[in-house]
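Here is a short briefing on one protein model. Please keep the structure in view while reading the points below.

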Amino acid sequence: MTIKPIPTRYDGILYRSRAEARWAVFFASQGVPFRYEEEGYQTRRGWYLPDFRLTQADVFFEVKPDHPTPDEMDKARSTPWAEEFRFS
């Protein structure tokens, strides 16, 4: 069974799901600067739009309701920086 995400607004930004909005609330409450869906990337496996970029750490953060699918993992592994950071 697939649960349909519920778009949720927080701090003037419309997040695609309540889970993403909850992470935004968490990051903000902890003083962690972030950008939401700031920039997408074309990879050899297709288009990749990271959910969050944590700006001080310069890392991407993905919100998933469950473990990533094999296709999602392949897309993440095919990003230009995956080799540099030994993404697994």
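The model is predicted. Thr8 sits in strand 1, which covers residues 8-10. An open sheet of 3 strands is also present, and helix 1 packs on that sheet. The structure holds 1 cavity of 30 Å³ or more.

**Thr8 and its surroundings**

- A polar atom of the Thr8 side chain lies 2.9 Å from the backbone oxygen of Ile6.
- Beyond its neighbours within four places in sequence, Thr8 is in contact with Ile13, Leu14 and Tyr15.
- The contacts of Thr8 also include Ser17, Arg18 and Ala21, again leaving aside neighbours within four places in sequence.
- Arg18 and Ala21 are contacts of Thr8, and helix 1 spans residues 18-29.

**The sheet**

- The strand order is 3-6-7, and the pairing is antiparallel.
- Strand 3 (34-36) and strand 7 (59-61) are the edge strands; each has a single partner strand, so one side of each has no neighbour in the sheet.
- From one strand to the next, the twist averages 25°.
- Strand 6 (residues 52-54) and strand 7 run antiparallel and are joined by 3 bridges.
- Strands of a sheet pair through backbone hydrogen bonds, in either a parallel or an antiparallel way.

**Helix against sheet**

- Helix 1 touches strand 3, strand 6 and strand 7.
- The direction of helix 1 makes about 15° with that of strand 6.

**Arg53**

- Arg53 belongs to strand 6.
- Its bridge partner in strand 7 is Phe60.
- The side chains of Arg53 and Glu38 are joined by a polar contact of 2.6 Å.
- Leaving aside neighbours within four places in sequence, Arg53 is in contact with Pro33, Phe34, Arg35 and Glu38, among others.
- On the same basis, the contacts of Arg53 also include Asp58, Val59 and Phe60.

**The cavity**

- Rolling a probe the size of a water molecule over the atoms shows where empty space is left.
- The largest cavity has a volume of about 30 Å³.
- Which residues line the largest cavity? They are Glu38, Glu39, Tyr41, Pro50, Phe52, Arg53 and Phe60.
- By class, that lining has 4 nonpolar and 3 charged residues, with no polar ones.
- Arg53 and Glu38 both belong to the lining, and their side chains share the 2.6 Å polar contact.
- Phe60 is in the lining too, and Phe60 is also the bridge partner of Arg53.

Terms used
Residues numbered from 1 in each chain as written. Predicted model: local features only at pLDDT ≥ 70, side-chain atom pairs only at ≥ 80, totals over all residues. Heavy atoms only, no water. Helix = DSSP H or I, 4+ residues; strand = E, 2+ residues; numbered from the N terminus. Polar contact = N/O pair within 3.5 Å; in protein donor to acceptor, adjacent residues only side chain to side chain. Contact = heavy atoms within 4.5 Å. 1 Å grid on protein atoms, 1.4 Å probe; cavity = no way out; pocket = protein on both sides within 12 Å on 5 of 7 lines; lining within 4 Å. Points joined across faces, edges and corners; volume = space filled by probe spheres on them. Nonpolar A, V, L, I, M, F, W, Y, C, P; charged D, E, K, R; others polar. Pairing = 2+ DSSP bridges. Axes fitted to C-alpha atoms, helices over the stretch in contact; angles between N-to-C directions.
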